[in-house]
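Work through the exercises below with the sequence and the coordinates open. Each task is followed by a solution in steps.

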Amino acid sequence: MENVVVTGCPRASVEDAAALGEFGTATVHEAQGRTGFLGPRLRPAWSGARIGGTAVTVLCWPGDNLMIHVAVEQCREGDVLVVATNSPCSDGLFGELFATALQRRGVRGVVLACGVRDVAELREMGFPAWSTAVSAQGTVKATAGAINVPVVIEGQVINPGDVIVADDDGVVRVPQANVPGTLELSAARVAKEQAAREAFTNGELGLDRYGLRERLADFGISYVSYEDYRATREQS
């Protein structure tokens, strides 16, 4: 691994990132063809937060948070700190003091492929964090890593400047080049869902709205009365 801090990385528009954050992970994930989801292991330290920001990536060694200290200086308004380790780690690399420093710089939150701690304090200060573990286990500051290089979390490659969307449903990555198109597709999806919501409120069934009823026979699904079903079961 090259020990490097890459500075001046291009970022997606902060405004676009925030707009994607408002749409939420489920909508954005569907809008970009059901891609970019970091998987079910990434869970919020506390519920209710929803963010969209630009990625500053950190690659650490397990049990060592030296490079998070280095990364704070590279963060600015609208960023999301994304921390990966070069082998599996559940130690609490991130806590309240880091959050205090990042919040001062306008960072929206942190995504950790490792552990988080100080959950009560993070909730109280309103700093969002998603992680693969919660752990009181502390760390050392002894091994160099890298800042603003591509990292892999749960099989997803995250590049510096990509958009990170996170909420109670998990975390989604939007490649920087795809942000404008994903914004349009997300808006269209929200409008489509609102129309469906109104239809369901008025009693329409998804079977009919989505044209599924005509396809049931193709799936081998048939309707049978209770009496006929019971009689068939008794004969078998």
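The exercises concern a predicted model and go from one helix to a central strand, the cores, two buried side chains and three loop residues.

**Exercise 1. The two sides of helix α1**

Task: Find which residues of helix α1 are buried, where they lie around the axis, and what covers them.

Solution.
- Step 1. Helix α1 spans residues 14-23, and its buried residues are A17, L20 and G21.
- Step 2. Viewed down the axis of α1, these buried residues fall within an arc of 105°, so they line one face of the helix.
- Step 3. A general rule fits here: an α-helix has 3.6 residues a turn, so residues three or four places apart point the same way.
- Step 4. Turn to the face directed away from the buried side of α1; it carries the exposed residues E15 and E22.
- Step 5. The cover over the buried residues of α1 includes the helices α2 (25-31) and α6 (179-201). It also includes the strands β3 (51-60), β11 (163-167) and β12 (170-174).
- Step 6. Just after α1 comes G24, with a positive phi of about 95°.

**Exercise 2. The partners of strand β3**

Task: State how many residues of β3 are buried, and for β11, β4 and β8 give the number of bridges to β3 and the direction of the pairing.

Solution.
- Step 1. Of the 10 residues in β3, 10 are buried.
- Step 2. β3 and β11 run antiparallel and are joined by 4 bridges. G52 has V165 of β11 as its bridge partner.
- Step 3. β3 and β4 (residues 79-85) run parallel, with 7 bridges between them. Here L59 is paired with A84 of β4.
- Step 4. To get from β3 to β4 the chain passes through helix α3 (residues 66-72), and this β-α-β crossover is right-handed.
- Step 5. β3 and β8 (residues 146-147) run antiparallel, joined by 2 bridges. L59 stands opposite A146 in β8.

**Exercise 3. The nonpolar cores**

Task: Name the residues that touch the most other members of the largest nonpolar core, then list the contacts of V82.

Solution.
- Step 1. The largest nonpolar core has 48 residues, and those touching the most other members are V58, I68, L81, V82, V83, F94 and V111.
- Step 2. Leave out residues up to four places from V82 in sequence. V82 then touches A55, V56, T57, V58, V111, V151, I153, I158 and I164.
- Step 3. Another core, of 10 residues, lies apart from the largest one; among its members are A12, V172, V174 and L183.

**Exercise 4. Two buried side chains with polar contacts**

Task: For T54 and S186, decide whether each is buried or exposed, and find what each side chain has as a polar partner.

Solution.
- Step 1. T54 is in strand β3. Its relative accessibility is 0%, so T54 counts as buried.
- Step 2. The side chain of T54 makes a polar contact of 2.6 Å with the side chain of D79.
- Step 3. Beyond four places in sequence, T54 is in contact with R11, A12, A17, G78, D79, V80, G161 and D162. A17 is one of the buried residues of α1.
- Step 4. S186 is in helix α6. The relative accessible area of S186 is 0%, so this residue is buried.
- Step 5. A polar atom of the S186 side chain lies 2.8 Å from the backbone oxygen of T182.
- Step 6. Leaving aside neighbours within four places, S186 is in contact with L20, F23, T27, V28 and A31. L20 is another buried residue of α1.

**Exercise 5. Three loop residues**

Task: Locate D118, N148 and G155, and class each as buried, partly exposed or exposed.

Solution.
- Step 1. Most residues other than glycine have a negative phi.
- Step 2. D118 is not a glycine, yet has a positive phi of about 60°. It lies in the loop between β6 (109-116) and α5 (119-125). With a relative accessible area of 30%, D118 is partly exposed.
- Step 3. N148 also is not glycine and has a positive phi, near 60°. N148 lies in the loop between β8 and β9 (151-153). At a relative accessible area of 8%, N148 is buried.
- Step 4. G155 lies in the loop between β9 and β10 (156-158). Its relative accessible area is 63%, so G155 is exposed.

Conventions:
Residues numbered from 1 in each chain as written. Predicted model: local features only at pLDDT ≥ 70, side-chain atom pairs only at ≥ 80, totals over all residues. Heavy atoms only, no water. Buried < 20%, exposed > 50% of the residue type's maximum accessible area, 1.4 Å probe, protein only. Arc of directions from axis to C-beta. Contact = heavy atoms within 4.5 Å. Pairing = 2+ DSSP bridges. Right-handed = clockwise from strand over helix to strand, strands pointing away. Core = buried A, V, L, I, M, F, W, Y, C linked by side-chain atoms within 4.5 Å. Polar contact = N/O pair within 3.5 Å; in protein donor to acceptor, adjacent residues only side chain to side chain.
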